[in-house]
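Work through the exercises below with the sequence and the model open beside you. Each task is followed by a solution in steps.

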Amino acid sequence: MSVPHALLALLSEGPKYGLRLQNEFESRTGEVWPLNVGQVYTTLQRLERDGLVETDDGEGERSQKRYRITRTGDRELAEWLRTPPALVPPPRDELVIKVLVALQVPETDIHEILQVHRRNVIEVMQRYTRVKAAAKEDDLALALVADAELFRLEAIVRWLDAAEVRLKQLPQVAPVAAPAAPLEPTRKMEVSQ
Amino acid sequence: MTSALELRQVSKIYGSGPTEVHALVGVDLLVERGELVAIMGPSGSGKSTLLTIAGSLENVTSGQVLVDGVDLANVSRPDQARMRRRSIGYVFQDFNLLPGLTAVENVTLPLELDGISAKAARATGLEAMEELDVAEHADRYPDELSGGERQRAAIARAIVGERGLLLADEPTGALDSVNGEGVMRLLRAATQRGVAGVVVTHEAQLASWADRVVFLRDGHVVDETVAPPGPESLLEAGGRQ
């Protein structure tokens, strides 16, 4: 979550005080990302230094200052909204590694390993779904944040399901011959963005 | 208090000899009123067989099925049919509303088949439609309803009257994820009013609406989720994994 850009977005609606920015940030992210007031002022200071926001006057207590977005700030915000986030997966996905390792450990039931993880992911999904179920129907921010997590988690379950089907299609998983194959994936998959 | 549905060591074998298929093997399952249970598993794992057996649409090869404490083996065929009409509601993938009947006639069909007068059936049907917020469309035909209204009418038909057990096979069909969620919200609301619900699905997001998820593989129950902690646990943890 980019706090500076979230603050710019809130200021794009009109000038605001720091405290109000903190409250609005929390309520609009479904209160999933808490933000303390110190972080708000540090970020605003940096934005002011970079010419992305300005205050009514340069003097006085920080809580007395009202911030407004500058033209440069508007441009920065518009550009950020359209810049794709990094979509390249982490170099070593822990779950993928565990499953690859499990295939090599003798007397390990790979289906049981897949199921342990499937159950665990679905239990986490149940918790996010409860957040959604308990939320007010018009709490769009919370629904969007919970959906994002749920889709991400669902993708893991689908990967586990696909792994299960691939394993079933093999006549039998061949036991690993000595010397043991490396435990980590060595093939690099390049994904261009 | 008896459970709404209980399967005891249920097995189902199709065919015989070399072509024999063990669709279910020694399945135990308890579903209480007020509880929504999702059944998940890959294709051919026995999910749909489990549902048809729970709904007494099919007989078991061995084991017992108890609906509201009544062992289906001790019930005559006509009585089983009555039980299906009175105690068990079904929601199908494509909702299966009959096009020649109005929404309320669709909802009350199981009651009228059961010999309840049209007037009394209509009153009960409207009550169920009221619960699902679709009563104002009672006299429209299915093709005059939106997709969401058809869903609601189909669920009203499944809970109309005194039904204690709601069975749903992939009830969100081809709906997009947000409308699919709408169906799950309605099923969850129905179970929270005291009905027992069993939903078969292969989608983890839909299953996550259930209180409990039971996993089937090759006809066996291999696992189930434990009751999740409240949602506050996620927010306290900062909301991110």
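The structure is a predicted model.

**Exercise 1.** Find the residue of β4(B) that is the bridge partner of B:Leu5, then work out how β1(B) pairs with its partner strands.

Solution.
- Step 1. The bridge partner of B:Leu5 in β4(B) is B:Val67.
- Step 2. Strand β4 of chain B covers residues 62–67, and five bridges join this strand to β1(B) in an antiparallel arrangement.
- Step 3. β1 (residues 5–14) of chain B also pairs with β2 (residues 21–31) of chain B, again antiparallel, over seven bridges.
- Step 4. One bridge pair here consists of B:Glu6 and, in β2(B), B:Leu30.
- Step 5. Between β1(B) and β2(B) the hairpin has six residues, and B:Gly15 has a positive phi near 70° in this hairpin.

**Exercise 2.** Determine how many residues of helix α3 of chain B are buried, and what they pack against.

Solution.
- Step 1. Helix α3 of chain B spans residues 103–113; with eight of its 11 residues buried, the helix is mostly covered.
- Step 2. A residue counts as buried if 20 or more other C-beta atoms lie within 10 Å of its own.
- Step 3. The residues of α3(B) that meet this cut-off include the polar-named entries B:Glu105, B:Asn106 and B:Thr108 as well as B:Val104, B:Val107 and B:Leu111.
- Step 4. The packing partners of the buried residues are α2 (77–87), α4 (118–131) and α5 (147–159), which belong to chain B.
- Step 5. After α3(B) comes B:Gly115, with a positive phi near 90°.

**Exercise 3.** Describe the sheet of chain A and the helix that packs on it.

Solution.
- Step 1. Chain A contains seven helices and three strands, in the sequence pattern α-β-α-α-β-β-α-α-α-α.
- Step 2. The three strands make an open, antiparallel sheet with the order β1-β3-β2.
- Step 3. β1 (16–17) and β2 (53–55) of chain A are the edge strands, each pairing on one side only.
- Step 4. Two bridges link β1(A) to β3 (residues 66–69) of chain A, and A:Tyr17 has A:Arg66 as its bridge partner in β3(A).
- Step 5. Helix α1 (residues 3–11) of chain A touches β1, β2 and β3 of chain A, and its direction makes about 95° with that of β3(A).

**Exercise 4.** Which residues have the most contacts inside the largest nonpolar core, and which helix gives the most to this core?

Solution.
- Step 1. The largest nonpolar core has 82 residues, and B:Ile155, B:Ala156, B:Leu166 and B:Leu187 have the most contacts inside it.
- Step 2. Helix α7 (residues 140–169) of chain A gives the most to this core, namely nine residues.
- Step 3. Beyond four places in sequence, the residues that B:Leu166 touches include B:Gly89, B:Ile159, B:Leu187 and B:Val195.
- Step 4. A second, separate core has 14 residues, among them A:Phe25, A:Leu47, A:Leu52 and A:Val53.

**Exercise 5.** Set out the domains of chain A and the confidence of its model.

Solution.
- Step 1. Domain 1 of chain A runs over 3–82 and domain 2 over 94–169; their C-alpha centres are 36 Å apart.
- Step 2. Of the 193 residues in chain A, 22% are buried.
- Step 3. The average pLDDT of chain A is 85, with 83% of the residues scoring at least 70.
- Step 4. Over residues 177–181 of chain A pLDDT stays under 50, and the model has three contacts beyond four places in sequence for this stretch.

Notes:
Residues are numbered from 1 along each chain as its sequence is written. Chains are lettered from A and ligands numbered from 1 in the order in which they are written. This is a predicted model: local features need pLDDT of at least 70, side-chain atom pairs count only at pLDDT 80 or more; totals for chains, interfaces and linings use all residues. Domain bounds come from an automatic or database domain assignment. Two strands pair if DSSP finds at least two bridges between them. Helices (H or I, at least four residues) and strands (E, at least two) are DSSP runs, numbered from the N terminus. Two residues are in contact if their C-beta atoms, placed from the backbone, lie within 7 Å. Axes are lines fitted to C-alpha atoms, for helices over the stretch in contact, and angles run from 0 to 180 degrees between N-to-C directions. A residue is buried if 20 or more other C-beta atoms lie within 10 Å of its own, exposed if 12 or fewer, and partly exposed in between; C-beta atoms are placed from the backbone. pLDDT is the predictor's confidence in each residue, from 0 to 100. A nonpolar core is a set of buried Ala, Val, Leu, Ile, Met, Phe, Trp, Tyr and Cys residues joined through C-beta atoms within 7 Å.
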